[in-house]
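Colleague: I'd like a close look at one part of this model. Please choose a spot where side chains pair up, then tell me what you find around it and elsewhere along the chain.

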Amino acid sequence: MAPRKNKTRNMTRNGGIDAGVMLVLLLTGLAGLWPVFGEASFIRPALIGVGLGMVIAWFGAWRRWATWILATATVGGYFLFGTVAALWNRATMGFIPTITCLKAMVFGSVGVWKQFVTASTPVASFFPFMLVPFILGLLTAVTALSAAWRAAHPQIALIPIAVMTILVILLGTSTPFQPTVQGIILTAVSLSWIVWRNHLKAGSVSAQGTTVSLAGGSWLLKAAIPLGIAILTVSLVGPMLYNGPDRVVLRRELTPPLDLQPYASPLVSYRELVDTLSDTVLFTIDDWQRSYRLRLAVMDTFDGMVYNVGQASGVSRYDRVGPALISRTPTSEDDMIEITVSVEGYAGVWVPSLSQNRKVEFSGERAETLTESLYYNPLSDAMINTAGLGEGSSYTLKTEPLSGEPSATTPVTTVRMPEPSWVPEAVGGLAVEWAGSDGTTLDQIHGIVDRLHTTGYYSHGLEEEAASLPGHSSYRIAQLLARPTHMVGDDEQYAVAAALMLSKIGIPARVVMGFWADSDSVMDGSTWTVKGMDAHAWVEVPFDGLGWVAFFPTPDKNNQPEDETPKSRSKPKPQVLQPPPPLSSADEGSSQGDPDLDPDKNKDTNEKATDWGFIFTIAALVTVPLILIAGPIILIMWLKAARRSRRRAVPNLSQRVALGWQEILDQAADQGTVFPGSATRRETAAVLCDTFHVTAVTDLASMADQGTFALVPPTAEEAQAFWTVVGKVSHGLGASLTPVQRFRSKVSLTSLIRLRAPTVLVQEGS
């Protein structure tokens with residue numbers, strides 16, 4: 001038993017040095033988490049985790065616990081001290097675990113890592129991210145000290161330290177925390193400890209098991225040369241090897257879990273805001289100034305149908321954040337702009353904000369839920385809350401002071417933007433013409449924006465306003481620019497047209513939708529009651545040193561087009577010579593004594609009056625052009641009617657339903673609607689519903705899917721009912737068009753000559 005007693009005594013006497021070394025190494029490695037949390041709050045769980053791990057490792061070495069006992073003690077310590085270490089803000093009295101705490105410790109020990117690396121920094125306010133430093137400190141302390149006190153080669157204790165340090169780097173940010181200082185401490189302490197441990201093993205311990213005094217310092221002499229070389233290398237070469245943006249961290253490599261596809265483009269709802277919700281109170285904002293602009297969402301991708309927030313690249317990368325939206329705040333709290341937003345009639349996921357946002361703090365009953373569901377994109381400077389805002393929600397927003405205006409010499413920042421697709425041809429030509437070849441980039445921007453602003457007319461297309469279709473598809477923008485001297489639209493069309501034009505001449509631009517207070521807005525001092533009529537859209541262009549600068553291409557509201565409705569005019573009929581009326585017997589008798597009525601004398605006159613060749617010539621001049629013009633129109637309309645009849649009479653009922661849906665697509669195509677090739681029926685129905693406001697098209701898409709994909713084919717009555725709905729939807733698609741537009745769609749050749757992929761392939765007899 002003597003050897004074991006001596007070994008225990010040696011562990012006790014030298015264990016203090018081992019514990020001190022491991023403590024320094026552990027805390028130095030965990031210090032790398034500082035940029036992730038953005039504050040010192042993570043030190044508490046890290047210290048408790050390291051301290052608890054050291055105690056468990058000491059008991060394990062003292063009592064010679066088996067590995068499974070040591071692991072059990074570690075798990076027990078995790079659940080026993082996890083609440084007070086990392087989850088105190090959700091615990092009763094700060095240390096009694098609640099159900100929420102227990103769930104977080106059970107499931108968070110596994111799931112917290114993915115959430116941690118996909119959340120935007122700083123993460124101090126996220127629950128339960130404090131478990132990360134606690135778990136790292138606990139596990140590393142247990143394994144490292146157990147190896148130092150019990151392994152045949154104590155130096156392997158540095159392996160858990162190295163693994164933890166690498167994990168901290170991978171879990172961190174591109175900006176490290178004092179990398180040179182960390183490197184010197186880790187290198188110096190590790191090498192010194194290794195030399196000391198080797199010195200002990202080589203003969204520092206006497207045969208009687210008594211430890212030789214370290215005062216002689218021979219082990220320091222052995223460590224001096226390698227220690228100096230290591231410190232010099234870390235000090236000089238380390239900073240040279242570090243290249244901030246290229247540092248490999250997991251949060252830069254992993255795609256955030258937020259999927260933007262379920263969220264429709266906010267710009268689609270613009271016409272509803274200014275029409276249906278015009279007088280609805282959406283928000284109440286305190287400390288507002290008229291010079292501010294409330295930004296709702298930023299759109300960077302145009303697919304021919306809508307301007308939308310793109311998917312998972314550049315401007316569209318939304319990361320989960322806490323109240324502090326960025327890691328560093330360059331402006332003091334006193335210099336920040338602060339507003340308070342109270343949500344009333346608004347219900348959506350996009351969070352209204354200003355530019356250069358820095359902090360957002362939710363209040364009210366749903367404050368905790370809204371805080372945990374907040375995502376922010378620092379490039380687009382916009383926020384989305386997946387829990388959705390609603391009546392009763394409230395938050396305080398702090399932002400940087402607004403940027404200045406660009407000068408003629410301020411260069412545009414090079415930003416890679418998604419390439420717009422299905423852009424009308426008129427956009428490129430007018431962009432080059434209006435921008436001009438002379439002048440600076442700022443002059444080109446103003447050339448396009450000012451031309452739209454001064455030349456165009458303003459109209460929502462509402463009652464008692466000039467006709468103006470909603471939407472901003474390629475067809476609608478082409479229609480807007482078809483008459484450059486008489487453009488009619490609102491913010492939705494002008495902002496999209498400006499962004500597409502700027503993109504065509506190589507200037508990065510994006511569309512922003514939001515609100516601002518004008519002369520018609522409801523302002524009570526510094527309190528702004530935001531209504532739907534306050535909705536606007538504009539474009540932004542990035543400039544060096546200023547960020548994204550706003551430009552406003554929409555004409556003034558009072559610039560209304562004159563009423564050009566043509567008045568009814570009497571159409572004169574072509575003059576055709578008529579034959580003289582036949583003479584009565586009385587006329588014949590009386591004409592015998594009247595030389596002027598003698599038929600022989602007026603023979604030439606009568607022959608001239610009945611010149612049928614002249615009559616036929618006049619008739620040909622009138623009827624032939626009518627036939628040449630009306631003939632093709634009648635033929636086109638007959639072909640479409642015949643096609644509709646054939647489709648409705650197809651024997652295969654599934655095919656009959658599929659062709660009914662194709663009938664709607666053909667009509668929409670004739671009206672200028674462009675669909676992405678990969679769009680499903682439901683996606684296509686959503687586009688049609690937003691463009692033409694025909695809600696029945698959504699039900700029609702569902703009926704078409706059921707009729708074509710169901711295992712049991714539809715009955716004849718169901719197919720007949722489907723075609724009845726087709727007729728209603730077809731009428732609804734044309735209801736929003738003007739008579740001229742409706743006529744153009746009826747004679748359009750688009751659906752007749754375009755080769756379309758079948759909506760569904762159904763074999764005859766299936």
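Modeller: I'll begin with one helix and its charged partners, then visit some surface patches and loops.

This is a predicted model, in which local features need pLDDT of at least 70 and side-chain atom pairs count only at pLDDT 80 or more, while totals for chains, interfaces and linings use all residues. Numbering starts from 1 along each chain as its sequence is written, and side-chain values use heavy atoms, with hydrogens and water left out.

The helix to find is α19, which covers residues 612–648 (helices are DSSP runs of H or I, at least four residues, and strands are runs of E, at least two, numbered from the N terminus). Its partner here is helix α20, residues 653–670. The structure holds 12 salt bridges (a side-chain nitrogen of Lys or Arg within 4 Å of a carboxyl oxygen of Asp or Glu), and we can follow several of them between these two helices.

Start with Lys 640 and Asp 670, whose side chains meet in a salt bridge with an N to O distance of 2.9 Å. This pair links distant parts of the chain, with Lys 640 in helix α19 and Asp 670 in helix α20, 30 residues apart. Now look at how covered the two partners are. Lys 640 is buried because its relative accessible area is 11% (buried is under 20%, exposed over 50% and partly exposed in between, with a 1.4 Å probe and protein chains only). Asp 670 falls into the buried class because its value is 10%.

Next comes Glu 663, which forms a salt bridge with Arg 644, where the closest N and O atoms are 3.5 Å apart. Here, too, distant parts of the chain are linked: Glu 663 sits in helix α20 and Arg 644 in helix α19, 19 residues apart. Glu 663 counts as buried because its relative accessibility is 8%. Arg 644, on the other hand, is partly exposed because its relative accessible area is 24%.

Glu 663 also forms a salt bridge with Arg 647, and there the closest N and O atoms lie 2.7 Å apart. Again the link joins distant parts of the chain, from Glu 663 in helix α20 to Arg 647 in helix α19, 16 residues apart. In this pair, both Glu 663 and Arg 647 are buried. If you step back a little, you can trace a network of salt bridges that links Arg 643, Arg 644, Arg 647, Glu 663 and Asp 666.

Helix α19 has a nonpolar side to its story as well. Leu 635, Trp 638, Leu 639, Leu 749, Leu 752 and Ile 753 make a nonpolar surface patch of about 590 Å². Patches take residues with over 30% relative accessible area and no salt bridge, joining like charges within 9 Å and nonpolar side chains (Val, Leu, Ile, Met, Phe, Trp, Tyr) within 5 Å. Helix α19 and α25 (750–753) each supply at least two residues of it, and the largest share, 3 residues, comes from α19. Leu 639 is a handy one to click on: this leucine is found in helix α19, and it is partly exposed because its relative accessible area is 34%.

For a charged patch, move to Asp 286, Asp 287, Glu 338 and Glu 361, which form a negative surface patch. Of these, Asp 287 lies in the loop between β1 (281–286) and β2 (294–299). It counts as partly exposed because its relative accessibility is 43%.

A few loop residues round off the tour. Most residues other than glycine have a negative phi. Arg 64 is not a glycine, yet it has a positive phi of about 55 degrees. You will find Arg 64 in the loop between α3 (43–62) and α4 (67–86), partly exposed because its relative accessibility is 37%. Trp 422, also not a glycine, has a positive phi of about 55 degrees. Its place is the loop between β11 (394–399) and α13 (425–435), where Trp 422 is exposed because its relative accessible area is 52%.

Finally, look at Glu 463, in the loop between β12 (457–458) and α15 (474–481). This glutamate is exposed because its relative accessible area is 74%. Glu 463 and Asp 275 are 188 residues apart in sequence, while their C-alpha atoms are 9.7 Å apart in space.

Note on methods: Accessible areas come from the Shrake-Rupley method with a 1.4 Å probe; for residues, only the protein chains shown count as cover. Lys and Arg count as positive and Asp and Glu as negative; His and the chain ends are not counted. The place of a charge is taken as NZ of Lys, CZ of Arg, CG of Asp or CD of Glu.
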